[in-house]
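User: I'm new to reading protein models and would love a close look at how two helices pack against each other. Could you walk me through one such contact slowly, and then show me a few other spots for comparison?

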Amino acid sequence: MTVLLAGCGDLGTEAGLRFAAAGHRVVGWRRQPEKLPVEIEGVAADLGSANLPPIPADTSAVVVALAADSPTKDAYHAAYVNGLAHVLDALKRDGVTPRRVLFVSSTAVYGDAGGGWIDESTTAAPGGFSGRIMREAEDLLHNRLSGTGIAGTVLRLGGIYGPGRTRLINQVRNGSAVVPDEPRYTNRIHRDDAAASIVHLTTMESMPATVYLGVDNHPAELGEVLRFLASELDLPEPPTGPAGEARGGNKRCSNALLRSTGFDFAFPSFREGYREVLAGTGVRHL
């Protein structure tokens with residue numbers, strides 16, 4: 001089939017390579033398409049603009065994997081809400097009706113749960129502007145696709161780590177890491193598993209649900225992760241102390257619905273994934 005990737009950063013490019021390896025035609029929209037690997041047909045596109053390129057008439061799946069230019073409210077709205085709206089407008093403009101549209105969102109839509117478990121049935125209650133804007137984009141997707149015959153799916157990813165994404169590793173190495181003095185649960189997914197889940201949900205035979213949580217099997221306390229990294233790096237354990245507000249909120253996300261579709265994780269926990277990162281396996285797509 002033909003797959004359109006609206007947004008080809010690190011995650012979108014990795015997903016595109018996997019679609020291509022499975023034998024699909026992959027068209028990637030990006031401001032600088034010359035940076036894309038040859039397996040992806042790069043097309044110059046600014047998703048912040050309403051003037052988007054023509055969509056191939058035989059497009060069967062669209063993956064919208066956007067990224068804000070900066071961590072501000074205006075930049076998030078421009079990327080996630082306006083960018084998605086422009087893609088949906090282009091589909092309508094060109095009269096293209098793909099079977100599925102997948103929008104990459106974030107577990108930030110849930111805010112803080114006090115360390116409790118959440119899943120797709122949990123009411124979204126974002127605590128910050130990023131989660132609120134993601135939620136607005138999710139609603140836009142479902143409202144715009146209602147009654148069109150196009151299946152809209154939202155994939156709410158946890159914190160992505162992987163090749164070149166070494167924030168926690170760097171903190172342990174430079175001595176700035178602090179183990180929170182109270183439990184702070186975190187949820188993450190390796191970049192490769194995030195990309196593989198995108199491919200899985202857009203190509204599986206059965207109809208996907210409207211929302212999935214994309215996190216690995218092991219919600220982990222931040223201190224557990226930091227101590228593990230220190231051990232792997234043969235460095236002293238980071239000190240314990242106040243760590244400020246938890247990134248992404250203090251919650252444990254269940255991936256049971258995603259796994260029920262038959263999806264298997266290459267990196268079921270942070271241990272397997274960070275060992276690969278520390279070994280220098282894989283590349284970040286710039």
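Analyst: Here is a walk through one helix contact, followed by some other places to look at.

A quick note on the ground rules: this is a predicted model, so local features need pLDDT of at least 70 and side-chain atom pairs count only at pLDDT 80 or more, while totals for chains, interfaces and linings use all residues. Residues are numbered from 1 along each chain as its sequence is written, and side-chain values use heavy atoms, with hydrogens and water left out.

Let's start with helix α1, residues 10–21, and helix α5, residues 191–203. (Helices here are DSSP runs of H or I with at least four residues, strands are runs of E with at least two, and both are numbered from the N terminus.) The axes of α1 and α5 sit 8 Å apart, and the angle is about 55 degrees. An axis is a line fitted to C-alpha atoms, for helices over the stretch in contact, and angles run from 0 to 180 degrees between N-to-C directions. That angle is why α1 and α5 count as oblique to each other; under 35 degrees would be roughly parallel, over 145 roughly antiparallel, 65 to 115 roughly perpendicular, and the rest is oblique. Their crossing is right-handed, meaning the near helix is turned clockwise from the far one by less than a right angle, with anticlockwise giving left-handed.

Who does the touching? On the α1 side you'll find Asp10, Leu11, Glu14, Ala15, Arg18 and Phe19. They meet Arg191, Asp192, Ala194, Ala195, Ala196, Ile198, Val199, Thr202 and Thr203 of α5, where contact means heavy atoms within 4.5 Å. Sorted by class, this contact has eight nonpolar, two polar and five charged residues. (Nonpolar covers Ala, Val, Leu, Ile, Met, Phe, Trp, Tyr, Cys and Pro; charged covers Asp, Glu, Lys and Arg; the others, Gly among them, are polar.)

Now try another pair: α6 (residues 222–232) and α8 (residues 270–278) pack at about 40 degrees, with axes 11 Å apart. These two are therefore oblique as well, and α6 passes α8 in a right-handed crossing. The α6 residues involved are Glu224, Val225, Phe228, Leu229 and Glu232, facing Phe270, Arg271, Tyr274, Arg275 and Leu278 of α8. This time the split is six nonpolar, no polar and four charged.

Next, single residues. Thr2 is in strand β1, residues 2–6. With a relative accessible area of 3%, Thr2 is buried (buried is under 20%, exposed over 50%, partly exposed in between, using a 1.4 Å probe and protein chains only). Leaving aside neighbours within four places in sequence, Thr2 contacts several residues, including Arg25, Val27 and Pro56.

Asn250 lies in the loop between β14 (240–241) and β15 (252–253), and at 11% Asn250 is buried. Asn250 and Gly111 are 139 residues apart in sequence, yet their C-alpha atoms are 7.9 Å apart in space. Among the residues that Asn250 touches, not counting those up to four places away in sequence, are Asp112, Pro183 and Tyr185.

For contrast, take Asp234, in the loop between α6 and β14. Asp234 is exposed, with a relative accessible area of 70%. Asp234 also has a positive phi of about 55 degrees, although it is not a glycine.
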